[in-house]
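Work through the exercises below with the sequence and the 3D structure in view. Each task is followed by a worked solution.

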Amino acid sequence: AVGMAVRMLTDDPSLRGGDIAKQIGVSLSRFARVFKSDMGMSLVDFRNQLRLERFLSLVDAGGTNLLEAAYAAGFGSYSQFHRVFRALRGASPREYFSGGR
């Protein structure tokens with residue numbers, strides 16, 4: 001079930017935990033427990049890392065601005081993206097891209 005969830009999130013990192021749990025036929029609480037046990041991190045943390053990796057690959061590929069890349073990576077809003085980016089990279093996107101990396 002966790003492998004299927006990882007594939008589903010890789011295909012669409014905007015999927016919600018409840019939607020995934022429903023598709024694989026378990027409760028959200030059970031799914032969240034099993035996911036964390038198997039992956040060593042929460043579903044939310046995994047999804048945020050996946051979204052951030054996708055964002056960075058889109059930006060590195062060029063041709064897109066930060067806001068477009070954030071939405072294309074599966075973030076629901078710029079504020080969500082900014083909060084996750086700062087938490088995982090230790091800097092704001094502006095600080096990171098102006099030489100912080």
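The exercises deal with aromatic rings in this structure.

This is a predicted model, in which local features need pLDDT of at least 70 and side-chain atom pairs count only at pLDDT 80 or more, while totals for chains, interfaces and linings use all residues. Residues are numbered from 1 along each chain as its sequence is written, and side-chain values use heavy atoms, with hydrogens and water left out.

**Exercise 1.** Classify the ring pair of Phe35 and Phe46, and state whether these residues are buried or exposed.

Step 1. Rings of Phe, Tyr and Trp (its six-membered ring) pair if their centres lie within 6.5 Å; planes under 30 degrees apart are stacked, over 60 edge-to-face, and the rest tilted. The count by this rule is eleven aromatic pairs.

Step 2. The centres of Phe35 and Phe46 are 5.5 Å apart with 65° between the planes, so the pair is edge-to-face.

Step 3. Phe35 belongs to helix 3 (residues 28–39) and Phe46 to helix 4 (residues 43–61), so the pair ties together parts eleven residues apart in sequence. Helices here are DSSP runs of H or I with at least four residues, numbered from the N terminus.

Step 4. Phe35 and Phe46 are both buried (under 20% relative accessible area; exposed is over 50%, partly exposed in between; 1.4 Å probe, protein chains only).

**Exercise 2.** Do the same for Tyr78 and Phe81.

Step 1. At 5.3 Å centre to centre and 55° between the planes, this pair is tilted.

Step 2. Tyr78 and Phe81 are three residues apart in helix 6 (residues 78–89), about one helical turn.

Step 3. Tyr78, at 33% relative accessibility, is partly exposed, whereas Phe81, at 0%, is buried.

Note on methods. Helix = DSSP H or I, 4+ residues; strand = E, 2+ residues; numbered from the N terminus.
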